[in-house]
Amino acid sequence: MSCVSESSHLNKFLRQRYLSLPQGDFCQVTYIWINGCGLDLCSKTRTMDSEPKVIADIPEWDFCQRGTFAEMLLAPVYMFRDPFLLDPNKLVLCEVLKQTREPADLNHRNSCNKIMKMVKDLHPWFGMEQEYTLLGVDGHPYGWPKLGYPKPQGLYYCSVGADRAFGRDIVDCHYKACLYAGIKICGTNAEVMPSQWEFQVGPCEGIEMGDHLWMARFLLHRVCEDFGVVATLDPKPMTGDWNGAGCHINVSTMQMREEGGIEHIEKAIEKLSKRHAEHIQVYDPHGGEDNKRRLSGFHPFSSITDFSAGVANRRASVRIPLHVAQKKCGYFEDRRPSANCDPYAVTCAMARTCMLEEEE
Ligand code: ADP
Ligand code: MN
Ligand code: MN
Ligand code: MN
Ligand code: MN
């Protein structure tokens with residue numbers, strides 16, 4: 001079996017002929033939502049008579065939930081340009097609601113948004129570093145030998161060259177697609193394990209962090225589909241002496257970014273140190289079980305049981321970047337969230353612990 005999907009071999013030249021047909025005033029709007037399990041994304045497309053200008057122009061829709069067959073509502077929340085069908089077509093991120101209009105069980109956006117409104121005057125900024133691994137459709141890491149393993153880790157991080165950087169086409173196309181769509185993508189690099197990559201989104205204020213990261217994930221899966229490979233966010237896709245995948249979160253408030261802000265950064269880290277276990281619980285979608293596989297302590301990762309913090313320390317749970325310590329203001333980095341975390345749940349926990357005056 002080829003490791004690249006059948007449909008990626010369809011004639012892309014012919015496809016382009018149809019895609020460039022004029023479409024009149026009509027607009028294709030693709031609704032995107034987080035599936036019931038909270039892990040993967042779904043989409044479906046409809047025609048609107050004219051181009052929506054603001055999110056309120058896009059009507060609610062519904063879908064039949066996999067497994068339960070329940071009819072659920074799709075409430076549009078954020079509109080992006082569509083880098084696949086191109087202007088004027090749109091991608092619209094939706095919240096999933098029950099028929100009663102209550103949020104669906106795994107709709108973490110709804111509760112996150114409430115907290116973000118409460119801390120809005122602090123102007124919380126977030127930046128997340130999404131790591132992921134490319135796989136063939138056979139589930140084997142993309143570009144790895146079918147039998148045996150590639151050379152051990154050590155030459156892949158930020159690497160260049162056909163013998164060490166596997167799948168850059170996907171990284172480049174995803175980056176451009178994000179820029180076109182209007183996602184605040186701010187960088188990318190090859191990671192420590194071969195076929196593992198990272199992109200960064202941010203800084204984003206408040207609820208925007210989750211919206212932009214989820215849409216960037218959608219674009220990643222969709223670009224990979226075109227190339228016939230699969231991106232997994234599994235935090236430990238290969239057992240053994242291979243790095244896991246995380247989703248570091250960088251955090252600041254207006255006070256932290258201003259002169260002398262380090263004092264506020266240290267206060268926030270102090271609060272985080274008292275809630276290690278609670279945070280580990282929301283830093284992956286399975287209550288900490290996924291991170292158990294990743295934060296094994298063997299690789300340069302922090303421990304799952306103990307909190308630690310330090311300047312320029314990449315083995316700590318929380319790191320103050322060197323330039324922040326030197327300038328005495330800026331942001332801090334929490335390295336614990338796993339690659340498959342829900343950014344709404346993570347930013348929500350961060351805001352509650354560090355920005356709200358909650359009871360201990
Ligand atoms: P690392 O050195 O940890 O690999 P990266 O360059 O991969 O760092 O990512 C840095 C992240 O920090 C980016 O997502 C960026 O948006 C974010 N960031 C930069 N400035 C701030 C800030 N003031 N507040 C919050 N996040 C920030
Ligand atoms: Mn139908
Ligand atoms: Mn990084
Ligand atoms: Mn990384
Ligand atoms: Mn980092």
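**Exercise 1. Which residue follows H4, and what is the sign of its phi?**

Solution. The structure is a predicted model, and its protein chain averages a pLDDT of 95, with 98% of the residues scoring at least 70. At the end of H4, the residue that follows is Gly-228, and its phi is positive, near 80°.

**Exercise 2. Work out whether the span of helix H4 agrees with its number of residues, and describe how far the helix is covered.**

Solution. Begin with the expected span, which for the 20 residues of H4 at 1.5 Å a residue should be 28 Å. Next, take the separation of the end C-alpha atoms, which is 29 Å and therefore agrees with the expectation. Then turn to burial: 14 of the 20 residues of H4 are buried, so that the helix is mostly covered. Finally, consider the largest nonpolar core, which has 88 residues, and in which Val-92, Cys-94, Met-215, Ala-216 and Leu-219 touch the most other members. H4 gives the most to this core, with 10 residues. Leaving aside neighbours within four places in sequence, the contacts of Leu-219 are Pro-83, His-174, Ala-177, Cys-178 and Ala-181.

**Exercise 3. Explain why helix H10 is described as largely enclosed, and name elements that cover it.**

Solution. Helix H10 runs through residues 343–355, and its 13 residues reach 17 Å from the first C-alpha to the last, close to the 18 Å expected. Because 11 of these 13 residues are buried, H10 is largely enclosed by the rest of the structure. Among the buried residues are Pro-343, Tyr-344, Cys-354 and Met-355. The cover over the buried residues of H10 includes the helices H2, H4, H6 and H7, together with E6 and E10.

**Exercise 4. Describe the shell around ligand 1 by its residues and by the strands that supply them.**

Solution. Start with the residues themselves: there are 19 around ligand 1, of which Gly-127, Gly-202, Asn-250, Ser-252 and Tyr-331 come nearest. Sorted by character, the shell divides into 8 nonpolar, 8 polar and 3 charged residues. Strands E6, E7, E8 and E10 each supply at least two residues of this shell, and the largest share, 5 residues, comes from E6.

**Exercise 5. Decide whether Thr-133 is buried or exposed, and list its contacts.**

Solution. Thr-133 lies in strand E6. A residue is buried if 20 or more other C-beta atoms lie within 10 Å of its own, and because Thr-133 has 27 C-beta neighbours inside that distance, Thr-133 counts as buried. Leaving aside neighbours within four places in sequence, Thr-133 is in contact with Pro-141, Met-193, Ser-195, Gln-196, Thr-232, Pro-237 and Ala-245.

**Exercise 6. Find where cis peptide bonds and positive phi values occur outside glycine.**

Solution. As background, most residues other than glycine have a negative phi, and most peptide bonds are trans. One cis peptide bond joins Asp-87 and Pro-88, with omega about 5°, and Pro-88 has its place in the loop between strands E4 and E5. Another joins Gly-202 and Pro-203, with omega about -10°, and Pro-203 lies in strand E8.

Turning to phi, Phe-69 has a positive value of about 60° and is found in the loop between E3 and E4. Because Phe-69 has 7 C-beta neighbours inside 10 Å, Phe-69 counts as exposed. Ala-312 also has a positive phi, of about 55°, and sits in the loop between E11 and E12. With 13 C-beta neighbours inside 10 Å, Ala-312 counts as partly exposed.

Note on methods. Residues are numbered from 1 along each chain as its sequence is written. Chains are lettered from A and ligands numbered from 1 in the order in which they are written. This is a predicted model: local features need pLDDT of at least 70, side-chain atom pairs count only at pLDDT 80 or more; totals for chains, interfaces and linings use all residues. A residue is near a molecule or strand if its C-beta atom, placed from the backbone, lies within 6 Å of it. Helices (H or I, at least four residues) and strands (E, at least two) are DSSP runs, numbered from the N terminus. Ala, Val, Leu, Ile, Met, Phe, Trp, Tyr, Cys and Pro count as nonpolar, Asp, Glu, Lys and Arg as charged, and the others, Gly among them, as polar. A residue is buried if 20 or more other C-beta atoms lie within 10 Å of its own, exposed if 12 or fewer, and partly exposed in between; C-beta atoms are placed from the backbone. Two residues are in contact if their C-beta atoms, placed from the backbone, lie within 7 Å. pLDDT is the predictor's confidence in each residue, from 0 to 100. The expected span of a helix is 1.5 Å times one less than its number of residues. A nonpolar core is a set of buried Ala, Val, Leu, Ile, Met, Phe, Trp, Tyr and Cys residues joined through C-beta atoms within 7 Å.
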